[in-house]
Amino acid sequence: PKSLPAGPARVASSCHLGLRQSEIVGLYETDLVNDCTELLVRKGLSRPAWRHGPGCGCNQNPKVGDVVTAGRCPSRVRAPLVGRTKTAAGVRVVPIPPSLQPVFRAHLKLLQERRQVLGDRWPEGPAWLFPGNLGERPSIRVDSQRWARLVRRILGPDAPTGTHAGRRHAATRLAEKGVPIHTTMEILGWSARELMEVYARVGSEHKRSEMARAWADVHLAE
């Protein structure tokens with residue numbers, strides 16, 4: 001089957017709702033609630049990794065000179081892929097603006113159509129909101145590749161394509177529109193006000209309009 005066209009909903013989740021990449025790929029269809037007017041963010045999807053097995057004893061023997069990484073542990077186990085959000089503040093309900101609600105409804109319709117076409121080939125288990133082409137668990141690596149292509153196609157070839165670019169765009173937009181910092185923190189799942197300085201970047205057009213407004217009544221004599 002062709003690639004699942006998840007572009008508008010994926011971009012909206014990042015650039016407008018400000019979700020982290022791990023939060024986006026960890027979404028289920030059931031996280032869209034109240035007829036796509038709200039999005040529940042309560043978990044994240046991690047990259048595949050190892051962790052030390054129970055009672056492995058690695059790094060506990062003083063005669064061992066080198067630190068044994070989890071990947072080299074004899075009793076290593078796979079770390080859970082689906083886990084908590086990055087911070088406790090990350091568990092939140094994000095309102096979806098009316099202008100974006102049709103985008104998510106259309107995306108759910110596409111998923112339903114793909115599920116009907118694939119039939120038994122569609123895997124059982126969680127119904128991911130942004131699954132692989134066959135309905136399988138999404139991959140952060142694949143999502144990163146698709147994200148770069150989506151940004152160039154929808155936001156332009158010069159738009160930043162980093163995984164935090166969309167989240168930064170959302171933070172900047174909220175700042176320019178004068179949304180109170182505590183409201184922005186709730187929407188983006190921030191645990192500290194200082195993150196506003198990290199993510200928000202005032203755009204050139206906004207700076208020009210604000211300067212024009214601030215100095216509109218100034219007339220210097222020639």
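This report walks through a predicted model of one protein chain, from the overall picture down to a few single residues.

## The chain as a whole

Let's start with the broad view. The protein chain has 222 residues, and 36% of them are buried. Its secondary structure comes to eight helices and seven strands. If you take the contacts in the chain with a separation of 6 or more, 64% of them are between residues 24 or more positions apart.

How far can you trust the coordinates? The mean pLDDT of the chain is 80, and 80% of the residues reach 70 or more. Confidence peaks in strand β1, at 94, and is lowest in helix α8 (residues 204–214), where the mean is 67. Where pLDDT is low, the predicted coordinates should not be read in detail.

## A three-stranded sheet

Now for a sheet you can pick out by eye. It is an open one with three strands, paired antiparallel in the order β1-β2-β7. β1 (32–33) and β7 (92–95) are the edge strands, and each has a single partner, so one side of each is left without a neighbour in the sheet. Strands of a sheet pair through backbone hydrogen bonds, either parallel or antiparallel.

Follow the pairings across the sheet. β1 is joined to β2 (residues 38–41) by two bridges, with the strands running antiparallel. On this side, V33 has E38 of β2 as its bridge partner, while L32 stands opposite L39. Over on the other side, β2 and β7 pair through four bridges, again in the antiparallel sense. There, L39 turns up once more, with V94 in β7 as its bridge partner.

β2 also has two faces worth telling apart. L39 and V41 make up the covered face, whereas E38 and L40 are on the uncovered one. So, to put L39 together: this residue belongs to the covered face of β2, stands opposite L32, and is the bridge partner of V94.

## The turn between β1 and β2

β1 and β2 form a hairpin with four residues between the strands. Most residues other than glycine have a negative phi, and most peptide bonds are trans. Against that background, this loop is a good place to look at backbone angles. N34 in the hairpin takes a positive phi near 55 degrees. D35 also has a positive phi, near 55 degrees, and is not a glycine. C36, another residue other than glycine, has a positive phi near 65 degrees.

Are D35 and C36 buried or exposed? D35 lies in the loop between β1 and β2 and counts as exposed, at 55% relative accessibility. C36 is found in that loop too, but C36 is buried, with a relative accessible area of 4%.

## Where α1 meets α5

Next, a pair of helices. Two packed helices are described by the angle between their axes and the distance between the axes. For α1 and α5 (residues 165–176), the axes come within 6 Å and cross at roughly 55 degrees. Angles from 65 to 115 degrees would count as roughly perpendicular and those under 35 as roughly parallel; α1 and α5 are therefore oblique to each other.

Which residues do the touching between α1 and α5? From α1 come S14, C15 and H16, and from α5 come G166, R167, H169 and A170. That set divides into two nonpolar residues, four polar ones and one charged.

## Two buried residues in these helices

A170 is a handy one to zoom in on. This residue is found in α5 and counts as buried, at 2% relative accessibility. Setting aside neighbours within four places in sequence, A170 is in contact with S14, C15, H16, G18 and L188. If you look for T184, you'll find it 14 residues away from A170 in sequence, with 9.6 Å between their C-alpha atoms.

R10 is the other one to find. It has its place in α1 (residues 7–16). Is R10 buried or exposed? With a relative accessible area of 5%, R10 is buried. Beyond its neighbours within four places in sequence, R10 is in contact with Q21, I24, F130, D143, W147 and L150.

How values were computed
Residues numbered from 1 in each chain as written. Predicted model: local features only at pLDDT ≥ 70, side-chain atom pairs only at ≥ 80, totals over all residues. Heavy atoms only, no water. Pairing = 2+ DSSP bridges. Buried < 20%, exposed > 50% of the residue type's maximum accessible area, 1.4 Å probe, protein only. Contact = heavy atoms within 4.5 Å. pLDDT = per-residue confidence, 0-100. Axes fitted to C-alpha atoms, helices over the stretch in contact; angles between N-to-C directions. Parallel < 35°, antiparallel > 145°, perpendicular 65-115°, else oblique. Nonpolar A, V, L, I, M, F, W, Y, C, P; charged D, E, K, R; others polar.
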